[in-house]
Structure formats: structure tokens, C-alpha cells
Amino acid sequence: MVEFGLLNFLSSLALVSNQITDGAVDTLCQASQTPTCKVSALNLRGNQITDAGVVSLRQALQTPTCKVTALNLCDNWITDAGVTPICNVTELHLSNNQITGAGVASLCQAIQTPTCKVTEFYVSYNQITDGGVASLCQAMQTPTCKVTELYLSYNQITDAGVASLCQEIQTPTCKVTTLGLGNNHITDSGVASLCQEIQTPTCKVTELYLGRNHITDSGVGSLCLAIQTPTC
């Protein structure tokens, strides 16, 4: 019989960069469902968790006794097949896995449902293209979507994807305040599009990350004009 006593006292559990597989995830899931377990933040970054482990976690998170609200699954072996709706957490980290546009489409269906609680969404270091961004944009505009922080750095997003994001962030129903787009394929043209939108009164973005793209002095000039406008 597995002893879960230690988890009766912990509120945050970090098991980063170990050799944890789906078998240990099953054990953790059993523990997290016990009424006495107080863990609310579970960090499993940098392990050997596959799609099967994600399914187990999703089932555990759906139980009323599970208190986990922050789940970090970065740097594992998760593919599009494992991107099942994980809606019971407010903070979801899926960066540096093997997620493509198809996986993002599945996630988008989840995050726009009224019961989904996710507010911080991390999908950096994946294989997301402009097509995946378009799916995200549709989801972010729905009144029921609660996401306020969206991190898409280190993907394959171009100016076309930025144009989609620009249409999204200016809608009154979009709640995004933090947007991470570092290390993509964005040029001065994409920056110009962003500058137009961050000046609109309905845009709520207060933090914008654009490091390691293809931005020149021209793009910086556009940003300088935008950030000094009263509505930015």
C-alpha cells in the first residue's frame, strides 16, 4: 500500500528533471485525489511523461477532492494525442513538448468552455504555426475564455500569425494582458500590425515579449510611436 502521509502537509510539490514515468504519475494521481492531500501546485517538468500520463492527470483533476490548480508538464514527451482537455487548473504549462497545430485546436475547444478555469497558458517551445495561432485567436475572443496570459515563444509564428493575434487582442471579449512571442519569425511588418492594435482602447495587453525575432530599427520606431499614445 502506498503511503501518502507527506502530501497531507505539502501545498507545492516540485519533481523537476527526474526520471518520472507514467507509472509514478498514476501513483501521484491517486494521492492527489485523497481528501487530506493539500497539494495545489504540481511541477513535473523535465521528466518522461507521455500521453498516457496526461490522461491519468486529467482524470485525477476532475475529481472534487483534487486541489491542484497549477500544473507544469513542460519538457516531457507529450504529443497532440495527449493534449486532452485539462480544464480544472488555472495555470497550465505545456511548453517544450511535441504539440502542433492539431493539439492546439484541441486545447482551444477546451479553454473556451464555460467550465474551463485556465488563466495562464504556456505553450512555448513547440511546433505551433500560424494555423495554430488562428485557432487560439478564435478561442480567446469567446466571452467564456478566461486566459489572461498567453506564452507562444519559440514556435514557428510569422507576421501572418501576428495579424491574427492583432484581430483577437482588440476585441472587447479578449482578456489577454500578457503576450509572449519571443523567438519566432516576426519582422517589422508584424510589429507594425501589433502597434496599431495595442493603441486601440479595447486592447488589454500590458506586457509584450518580442525578443529574438527579426525586428530592426524600423520596428522599434513603430513601437516608440505606439507606446507614447494615450490609449496604449
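Y154 is partly exposed, because its relative accessibility is 30%. The model is predicted, and in it Y154 forms a stacked aromatic pair with Y125. The ring centres are 4.0 Å apart, and the planes meet at 10 degrees. Y125 counts as partly exposed too, with 41% relative accessibility. The two tyrosines come from distant parts of the chain, 29 residues apart. Y125 sits in the loop between β5 and α4, and Y154 in the loop between β6 and α5.

How many aromatic pairs are there in total? The count is two. The other stack joins Y122 and Y151. Their ring centres lie 4.3 Å apart and their planes differ by 5 degrees, so this pair is stacked. Here the partners are in strands: Y122 in β5 and Y151 in β6. They are 29 residues apart in the chain. Y122 is buried, at 17% relative accessibility. Y151 is buried as well, with a relative accessible area of 17%. The cut-off explains the labels: buried means under 20%, and partly exposed runs from there up to 50%. Y122 at 17% therefore falls on the buried side, whereas Y154 at 30% does not.

Strand β6 also holds E149. This glutamate is buried, yet it has no salt bridge. Which side chain of opposite charge is nearest to E149? It is R45, 13 Å away. Beyond its sequence neighbours within four places, E149 contacts T119, E120, F121, Y122 and T178. One of these contacts, Y122, belongs to the stacked pair with Y151.

R45 has a partner elsewhere. It forms a salt bridge with D75, with the closest N and O atoms 2.6 Å apart. The structure holds one salt bridge. This one links distant parts of the chain, 30 residues apart. D75 lies in the loop between β3 and β4, and R45 in the loop between β2 and α2. D75 is partly exposed, with a relative accessible area of 21%. R45 is partly exposed at 35%.

Now turn to the helices. In α4, the buried residues are G132, V133, L136, C137, A139 and M140. Seen down the helix axis they fall within an arc of 160 degrees, so they line one face of α4. The general reason is helix geometry: an α-helix has 3.6 residues a turn, so residues three or four places apart point the same way. The cover over the buried residues of α4 includes α3, β5, β6 and α5. Strands β5 and β6 are also the ones that carry Y122 and Y151.

Helix α1 buries D22, V25, L28, C29, A31 and S32. These cover an arc of only 160 degrees around the axis, which puts them on the same side of α1. Among the elements that cover them are β1 and α2.

What lies at the centre of the contacts in the largest nonpolar core? This core has 63 residues, and L73, I111, F121, M140 and L181 touch the most other members. Helices α1, α2, α3, α4, α5 and α6 each give two or more residues to the core. M140 is also one of the buried residues of α4, and F121 is among the contacts of E149. L181 touches L152, S153, I157, L165, I186, L194, Y209, L210 and N213, leaving out residues up to four places away in sequence.

Technical notes:
Residues are numbered from 1 along each chain as its sequence is written. This is a predicted model: local features need pLDDT of at least 70, side-chain atom pairs count only at pLDDT 80 or more; totals for chains, interfaces and linings use all residues. Side-chain values use heavy atoms; hydrogens and water are left out. A nonpolar core is a set of buried Ala, Val, Leu, Ile, Met, Phe, Trp, Tyr and Cys residues joined through side-chain atoms within 4.5 Å. Buried means under 20% relative accessible area, exposed over 50%, partly exposed in between (1.4 Å probe, protein chains only). Helices (H or I, at least four residues) and strands (E, at least two) are DSSP runs, numbered from the N terminus. Contact means heavy atoms within 4.5 Å. Lys and Arg count as positive and Asp and Glu as negative; His and the chain ends are not counted. A salt bridge is a side-chain nitrogen of Lys or Arg within 4 Å of a carboxyl oxygen of Asp or Glu. The arc is that of the directions from the helix axis to the C-beta atoms. Rings of Phe, Tyr and Trp (its six-membered ring) pair if their centres lie within 6.5 Å; planes under 30 degrees apart count as stacked, over 60 as edge-to-face and the rest as tilted.
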